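Dear colleague,

Please find below the structure that I am handing over to you. My notes on it follow directly after.

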Amino acid sequence: MAEMGSKGVTAGKIASNVQKKLTRAQEKVLQKLGKADETKDEQFEQCVQNFNKQLTEGTRLQKDLRTYLASVKAMHEASKKLNECLQEMYEPDWPGRDEANKIAENNDLLWLDYHQKLVDQALLTMDTYLGQFPDIKSRIAKRGRKLVDYDSARHHYESLQTAKKKDEAKIAKAEEELIKAQKVFEEMNVDLQEELPSLWNSRVGFYVNTFQSIAGLEENFHKEMSKLNQNLNDVLVSLEKQHGSNTFTVKAQPRKKTKLLSRLLRKKNSDNAPAKGNKSPSPPPDGSPAATPEIRVNHEPEPPSSATAGASLPKSPSQLRKGPPVPPPPKHTPSKEIKQEQILSLFDDTFVPEISVTTPSQPVEASEVAGGTQPAAGAQEPGETAASEAASSSLPAVVVETFSATVNGTVEGGSGAGRLDLPPGFMFKVQAQHDYVATDTDELQLKAGDVVLVIPFQNPEEQDEGWLMGVKESDWNQHKELEKCRGVFPENFTERVQ
């Protein structure tokens, strides 16, 4: 009998719930069709919108905080492996081995402490904050259902009152149900009307507390980590002092190209190979021995430097240089002293008539010594004095170039805009201070003393920071072909002379 009674209660409750769902569904259909009015509370609806926004923001913050903690853990593992690598490489006889091992242990403990404090002071607080939202969300949904029940009871009561044939018993029962539904709805509505605004206002304090905790923990972590890094740096400095003779030299990083650009270079190289192979190398100009290796006489097929400098292809990340190479330290070499009489003799009034400038067919070509070139054989007039020879071998580039302009009977501007013997777009000259070995086909091979005529890039977007486009003066004077001779070079290996 007890089982039958319990089953009867359960069946009755299920039937009641089914009837409530059918009544609510019917009431919602009538409200949507406009055949029944709906009780609305705009202030409560605004509170519900704020609640949903607050829940969305909190869920996103919790997700990002978990991602941050995962990143901290990953950094901890990476730092731990890096320190283990250092410990394995640090030989027992090196100074500071024990200090390095102690720093690695403290580094590991610091990461562990930082991660645990983030969990305790940020993540757990975040979980507690979000833990109250599911209950309030279910209560908001239940309040909505009770509102539908209230509207349904109200409409049923009103329909019985307006009926032509009134049944007082049914009207009394409907009124009783209406009062009961109204009481349940108002109790839930009042509670939510108080809790939702309070919950919305609490978000400010929670956000402030959470991010202050994260910022404070991160600040202390980096302070302690900075001390450990400084200690490790001191240990490595002492190691460097003991083994100072084995200093590591930073070499130039090779420049990268995309596969498409490399194919273009090879294709153009194969197309130009027969034409270049038919050319006979022209003899280098006569001059000092230092100028001989600076003149390009190799006519084997090679990709022209303009393929990289002038191609209008979009730059990919693989084409970007990581910066210009680092020049070697300067060498202390004795410099030749220039006597003041030699400089003054170039501009003396008695010196000018000794230079022949009247024969148009045989112009005198005085090149800069900084470029490593000398006037061609037969171009020097027999009337030139010993002072001119001294100037061509020992004077600075600015003085020699001024002398060259005087010999040719013209005064040349610093920009080179109107000079026909310079490449198009010439901007200024630089002189190589160190040797530079080209690591790619579009780079210039430089030796200390080479003079380079700097020209602009055809596509300015292809210029990398710390690199210039130019052509060696010796190559330009010999070939006069910009496409063949130009290339890029590191700016910090040179010094501007004009």
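**Findings**

Arg486 is buried, with a relative accessible area of 4%. Please bear in mind that this is a predicted model. Arg486 lies in the loop that runs between helix 12 (482–485) and strand 4 (487–490). The side chain of Arg486 makes a polar contact with the side chain of Glu483, at 3.3 Å. Arg486 counts as buried because its value of 4% falls under the limit of 20%.

Two charged patches on the surface also deserve your attention, one positive and one negative.

The positive patch brings together Lys28, Lys32, Lys142 and Arg145. Helix 1 (2–32) and helix 4 (133–161) each supply at least two residues of this patch. Lys142 is found in helix 4. With a relative accessible area of 37%, Lys142 is partly exposed.

The negative patch is formed by Glu186, Glu187, Asp191 and Glu194. Glu194 belongs to helix 5, which covers residues 168–242. The relative accessible area of Glu194 is 57%, and this residue is therefore classed as exposed, a term that applies over 50%.

When you open the model, I would suggest viewing these places in turn: the loop that holds Arg486, then the positive patch with Lys142, and lastly the negative patch with Glu194.

With kind regards

Technical notes: Residues are numbered from 1 along each chain as its sequence is written. This is a predicted model: local features need pLDDT of at least 70, side-chain atom pairs count only at pLDDT 80 or more; totals for chains, interfaces and linings use all residues. Side-chain values use heavy atoms; hydrogens and water are left out. Patches are made of residues with over 30% relative accessible area and no salt bridge: like charges are joined within 9 Å, nonpolar side chains (Val, Leu, Ile, Met, Phe, Trp, Tyr) within 5 Å. Accessible areas come from the Shrake-Rupley method with a 1.4 Å probe; for residues, only the protein chains shown count as cover. A salt bridge is a side-chain nitrogen of Lys or Arg within 4 Å of a carboxyl oxygen of Asp or Glu. Lys and Arg count as positive and Asp and Glu as negative; His and the chain ends are not counted. The place of a charge is taken as NZ of Lys, CZ of Arg, CG of Asp or CD of Glu. Helices (H or I, at least four residues) and strands (E, at least two) are DSSP runs, numbered from the N terminus. Buried means under 20% relative accessible area, exposed over 50%, partly exposed in between (1.4 Å probe, protein chains only). A polar contact is a pair of N or O atoms within 3.5 Å; within protein, one must be able to donate a hydrogen and the other to accept it, and residues adjacent in sequence count only if both atoms are side-chain atoms.
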